[in-house]
Structures are given as C-alpha cells and as structure tokens.
Amino acid sequence: MVRNFSYVSNNNKFDVETGKVAKQAKGAVTIKSGDSMVLVTVVGSDTPREGIDFFPLSCEFIEKMYAVGRIPGGYIKREGRPSDEATLAARMMDRPLRPLFPEGYKNDVQIVATVLSADENHDVGIMAMVGSSIALCLSGIPFNGPTGSVSVGYIDGEYIINPTQEQKEISKLDLTVSGTKDAIMMVEAGASELTEEEMLNAILFAHEEIKNICEFTENIISELGVEKQEFIYEGLDQELKSQIEVEFYDELKSALQSPEKLERDEATQAVGDKIVERFVDEESEDADEKKVEVLEIFEDIKKDIVRKLISVDKIRPDGRTMHQIRPLSAEVAYVPKVHGSGLFTRGQTQVLNIATLGSPSDVQYIDGLTDEEVQKRYIHHYNFPGYSVGEVGRFRSPGRREIGHGRLAERALEAVIPSQEDFPYVIRLVSEVLESNGSSSMASVCGSTLSLMDAGVPIKAPVAGIAMGLIKEGDDYSILTDIQGLEDHLGDMDFKVAGTAEGITALQMDIKIDGINKEILQEALEDAKVARMTILDVIKEAIPEPRKELSPNAPRIFTIQIKPEKVREVIGSGGKTINKIIDETGVKIDITDEGLVTVSSQGSENGQRAIEIIKGIVEEPEVGDIYLGKVIKIMNFGCFVSFGHNKEGLVHISKLDKKRVQKVEDVVKEGDEIMVKVLEVDDKGRINLARVVE
C-alpha cells in the first residue's frame with residue numbers, strides 16, 4: 001500500500017513516499033524536496049557472512065545525469081565510476097549509521113541512494129542521509145536509529161537550516177550534522193574562521209532540528225507498524241577469554257605500552273601468535289573457526305587494556321599525558337624543482353605536501369549534478385601508500401578514504417586561499433603520506449600550509465589541524481589530544497579540527513558509540529584550539545609568512561582586461577592571431593568571453609612581450625599618440641602607413657613635411673619606417689596621421 005508523509009519544520013520541508021516503487025527491497029522510500037527527488041533502498045542478507053570480523057555495510061550514492069536533464073560526456077554516454085562528490089556523499093550516509101547497528105551483527109546490508117531529480121536549492125546529499133535512516137527503519141533490520149541530518153549556514157550572525165545555493169555562497173559556514181534524538185553522531189564542516197563558540201552553537205542548533213526529524217521517522221514507523229528483527233549477540237566465550245587473560249594479560253599490557261608504533265605492533269603480534277599457538281589445535285577440523293574466535297578475544301582484551309589504561313590509569317600507550325602532542329617538526333623547500341614543498345612530522349605521522357601553480361587553462365572541470373560544468377581552481381589530492389604503515393600495498397585509483405581525507409584537507413585551506421582576482425593561478429596540492437600513525441589528514445593540512453607559503457601563495461593566514469579522541473566508560477570519559485592510530489582504532493571518537501589563529505576552517509567528527517553531548521563537544525573544541533596554537537607556532541618557525549616572490553620554477557602570469565568586443569580581434573580568424581603570438585613568445589594564453597586575458601610564461605620577458613602585442617591589437621589610437629610606422633602604399637595625395645598592430649592611417653601629402661612637398665616619393669617610399677602622430681580618428685574609424693619631423 002502506498003503511504004505518503006510530509007515534514008515541515010524550520011525552513012526544512014520534504015515529502016516521503018513508501019510502498020509504490022522498489023517493493024522487493026526490504027525498505028524503500030522516495031524523498032522529495034522542491035524539485036529534488038531521491039530513491040533510497042535497503043536490502044540485507046538473512047544470515048551473517050562467515051569468516052569476517054567486521055560489519056559488512058555498504059552505502060552507495062548514485063548520480064544520474066538525467067536528474068539535471070543532461071547526457072553524460074565522453075563516447076560511451078553512460079555514467080561511469082562515481083564522482084568524488086558521489087563518493088563523499090556515500091561516506092556521509094555511512095558514517096552516522098554504522099555505529100548504530102548492534103555489536104556482533106555480521107549480516108550484509110546495502111543502502112543505495114539514487115538521485116532521480118536534482119535542483120540547486122535542495123541538497124540531495126542531505127535527502128539521501130535522511131532517506132537512508134527512514135528506509136532502514138522500515139526494513140526491520142536491527143538498527144538503533146532513527147537518525148536525522150541537516151545542513152547549516154551562518155549569515156550575518158544567524159544560523160540557517162538547509163540554506164539555498166544563493167545563501168551558501170555568502171555563508172561563513174558549510175556544516176552537515178547527523179545524529180539521533182539523544183546525541184550527535186557525525187559532523188562535517190568548512191568555515192571562514194568561526195570561533196569555537198560559534199561552531200558549537202551551530203552544531204547544537206542543528207541537533208534541535210535533528211530531534212524533530214527523528215520524531216517524524218518514529219511516527220512513520222509507529223503508523224506503519226514496522227517490527228524490528230530480533231538479534232541476540234552471543235558474545236565471546238567468556239571462559240576462554242578468562243583463560244587467555246590469566247596467562248597473557250600482563251604480557252599483552254606490557255607490549256601495548258611500547259612507545260614506538262612498529263615496536264608495539266611487533267610486540268603485540270608476537271603475543272597474539274603465542275595465544276593462537278597455545279589455544280588453537282592446528283590439527284583439529286575446526287582449527288580455522290577456532291583461530292578466528294581466539295583472535296577476536298585477543299582484540300577484545302587488547303581493547304580493554306588500552307581503554308582501561310587511558311580512562312582509569314590516565315596512561316596512554318606511548319606514555320603521553322592526555323593533552324600532550326607528539327614531537328613536531330616542519331620544513332619547507334625540501335624538494336627541488338617543484339613550485340613549493342612542505343614536510344610536516346608529528347610523531348610517527350609524516351606528510352610531504354607539494355604545491356604546483358598552473359595557468360587558468362589547468363582548471364578542473366567537474367561534470368556533476370548541476371545545470372552546467374563547475375570549474376575548480378584549488379585542488380587537494382591525498383595519497384596513502386602501503387609503505388606509510390610498513391605494509392605491501394597495491395597502487396590503484398583513490399578509494400573513499402583517500403578522497404575523503406583529501407577533501408577535508410582541501411576545505412581546511414579553502415578559507416585562506418586568495419581569490420582569482422588577487423592570484424590568477426590554479427593551485428594543486430598533493431599530500432604524500434610517508435609515514436602514518438594516526439591523523440594523517442590533519443598532518444596534510446599542516447603540510448599544505450607549509451608548501452603554499454613556500455611557493456609564495458599569499459594565503460590569508462597559516463592553517464593547522466589536530467585530531468582529538470575520546471574514551472568513554474559510562475559517565476566517565478577522557479578526551480585525548482593528538483590521537484595515534486591505536487587510540488583511534490580502539491577509541492570512541494575521531495574529532496578533527498583545523499583552523500587559523502583566529503578560528504576554525506574545517507571540522508570532521510565521527511562517533512563510534514551512541515553519540516556525545518554538549519559538554520564533551522565543548523571540551524574537545526577548547527582542547528583542540530590549544531593544540532592548534534602550538535602547531536601554528538612550529539609552522540611559523542619554519543616559515544613565518546608566504547615568500548614575497550614566487551618560486552623561480554613557477555610560471556609567471558600576466559593579466560589584461562580588454563573590451564569584450566575586442567576578443568575576436570585577439571583570437572583572429574580561425575585562431576590565426578593568437579596562435580601567432582603563442583608561436584612567437586612561447587606563452588600560454590587564456591581569454592574569457594568577458595575580455596579577461598591571462599598570459600602564462602616560464603619567464604617574465606616573454607609574458608610581458610605577449611601582453612604588449614595584445615595591447616597593440618586592442619589599442620584604440622587617440623589624437624596625439626605617436627607611433628613608429630611603415631609606409632605600405634604611395635598615392636599621389638599622400639601615403640598609407642601601417643602602425644601598431646594591423647592599424648593603418650593616411651599621411652596626407654601636406655603632412656609629410658614642414659615645407660611644401662611636390663611629390664610624395666620625394667620624401668618617402670614604400671618600406672620606409674617613419675614616426676607618425678595621430679591627428680584625427682573619424683566616426684568611421686579612419687585615421688589621419690602626420691609625419692613627425694624634428
């Protein structure tokens with residue numbers, strides 16, 4: 001039976017329909033807001049997947065170009081691999097949902113959000129997140145939801161739920177928050193140096209609306225009478241766990257307190273091997289199954305030890321205090337030949353960032369769910385090779401993690417990147433993770449700041465990033481500054497904060513428990529600010545401000561604004577004129593329809609020469625201007641002279657000399673170069689000249 005539900009609250013309106021399409025899925029809804037429409041489906045297996053130690057949840061966000069009335073580009077004319085935007089949207093669907101499935105649930109669950117229609121003022125990503133929660137609740141799959149999701153803008157001191165595209169362009173904040181009615185689960189934000197208080201209030205403002213969405217979903221579940229599948233987790237074999245703890249607890253605890261990551265990994269692996277050898281009979285028929293069980297117990301004991309050390313003993317695995325940052329170092333100009341480079345190290349996390357400056361023609365074109373292609377002049381790419389964690393890894397196209405971390409680092413610097421008018425370069429940053437033990441994305445932010453300033457990019461202020469963690473046991477909790485990999489893996493929160501000395505520019509938070517409250521969030525933000533200031537001091541010691549001059553390896557860019565009607569003259573018939581300038585000077589030239597001409601060259605001399613040629617083409621001679629010209633035609637009443645760029649004027653015989661001239665050939669002949677002065681430009685553009693005689 002088709003059922004329809006409508007939600008209206010706080011500038012947030014959407015309609016939900018179920019029972020009409022995709023009826024063979026366990027749960028399916030269409031969610032519509034404005035002219036945007038998303039179909040969200042949920043399917044799940046009836047039995048758990050064997051031999052795995054994780055919950056197999058997959059979230060997919062499918063963009064269809066028909067949603068905006070366009071045909072995909074290329075020869076195939078069919079959607080290919082997901083765009084970065086689709087990948088990020090899928091991650092946003094996954095992050096708040098995953099922690100809300102019951103412990104031990106190993107059944108496959110797949111959530112697919114297909115964008116059927118999209119308009120610019122109703123965010124299909126937010127709709128997919130809300131629809132995912134509703135469809136999950138309708139599926140009967142054990143899920144401790146519902147969740148709600150909203151975006152928040154900040155304009156003139158006012159917070160706005162789900163801002164329009166026009167509002168987003170002037171907003172100081174681009175925030176997405178997801179949570180349950182009781183707690184916040186996920187935060188993702190880019191901001192223009194907001195204070196900690198402004199950011200906290202924005203998150204809390206979003207949560208009030210999330211509570212309403214959760215209540216709306218609960219009403220749908222109640223009205224439709226959906227029953228949730230019962231799931232009972234048998235848990236680990238407590239008797240076996242006790243036996244392992246008796247024999248190996250102290251040895252494992254000692255191994256986990258090794259200060260160096262590789263040393264700690266080797267020590268804990270050695271203990272794990274001993275445990276397997278002691279409790280698994282390799283000759284038995286159920287050896288593989290038993291080994292999986294023993295290793296699960298081993299991981300559980302390891303988690304117990306680390307969490308107890310931090311929450312009770314207030315001891316971190318590497319011996320630091322709760323708010324202590326690992327040793328820091330920053331260096332610029334590490335790599336020769338490139339335009340800018342920065343090497344940032346925090347403990348055993350190290351990132352090399354390279355900045356490359358390009359001409360406007362290097363801009364990235366994004367073919368996404370908009371009415372036209374979007375141009376992007378600031379790009380950040382993040383690479384995480386296997387050797388950074390001492391492992392053999394395959395080199396392939398970037399995965400969701402690489403795309404997500406790259407975008408977070410990109411957003412962190414976006415607020416300080418100079419405008420195109422002030423700095424007409426395309427900027428590409430590449431973060432190469434050379435070593436990783438937690439928070440490589442925030443190290444990428446710091447490395448980006450270093451390389452940009454090394455390249456001479458006039459950023460508004462340096463940006464630094466830090467990752468905060470949380471261990472929460474009941475009402476007791478410990479907030480950790482600068483978490484390492486083990487603390488992230490076994491902890492309850494990964495909270496990344498980036499910003500300048502003035503405020504926050506990016507924020508990302510993922511919760512692995514049932515959410516956090518205002519007090520924890522506020523304390524984490526305050527601790528992150530203290531850490532950020534410490535890191536900024538280290539960055540400024542390496543390079544206090546952007547270099548005054550661009551790297552000699554970077555191209556030089558010159559711009560000139562010409563009248564739009566002159567663009568055709570610069571390009572010439574079939575591009576003949578512009579190609580001739582390029583051939584003569586070796587530069588790259590980009591021209592917009594509005595008449596902005598950008599010339600890129602490896603040296604200043606050729607670029608300036610090209611600009612002078614273009615000036616000559618578009619220049620409109622004025623009375624009194626003097627030029628060096630060339631006689632191109634002799635007439636009995638005077639001569640025609642070519643000057644400037646493809647300009648021509650007449651020197652009447654009476655203007656060839658101060659004295660009377662009987663015959664033009666007595667003074668000049670074809671091919672002579674003479675100085676001429678503009679006497680008149682008539683209404684038809686004809687130019688009268690006079691020969692300049694000393």
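**A closed barrel and some backbone details**

Five strands close into a barrel with mixed pairing, in the order E25-E26-E27-E29-E28. The twist averages 50 degrees from one strand to the next. The model is predicted.

Biologist: Nice barrel! How many bridges join strand E25 to strand E28, and which way do the two run?

Modeller: Happy to look. E25 covers residues 626-635 and E28 covers residues 673-681. One position in this pairing has Ile 626 opposite Lys 677 in E28. The two strands run antiparallel, and the bridges that join them number five.

Biologist: Which bond joins Gly 145 and Pro 146, and what is omega there?

Modeller: Good spot to check. Pro 146 lies in the loop between helix H2 (124-139) and strand E7 (148-155). The peptide bond from Gly 145 to Pro 146 is cis, with omega at about 5 degrees.

Biologist: Is Lys 77 buried, partly exposed or exposed?

Modeller: Let's place the residue before classing it. Lys 77 sits in the loop between strand E5 (57-62) and helix H1 (84-97), and its phi is positive, near 60 degrees, although the residue is not glycine. The relative accessible area of Lys 77 is 47%. Exposed requires over 50% and buried under 20%, so Lys 77 is partly exposed.

Biologist: And Lys 337, buried or exposed?

Modeller: Another lysine in a loop, this one between strand E11 (328-332) and strand E12 (340-346). Lys 337 has a positive phi of about 75 degrees without being a glycine. Its relative accessibility is 66%. The cut-off is over 50%, so Lys 337 counts as exposed.

Key
Residues numbered from 1 in each chain as written. Predicted model: local features only at pLDDT ≥ 70, side-chain atom pairs only at ≥ 80, totals over all residues. Heavy atoms only, no water. Helix = DSSP H or I, 4+ residues; strand = E, 2+ residues; numbered from the N terminus. Buried < 20%, exposed > 50% of the residue type's maximum accessible area, 1.4 Å probe, protein only. Pairing = 2+ DSSP bridges. Axes fitted to C-alpha atoms, helices over the stretch in contact; angles between N-to-C directions.
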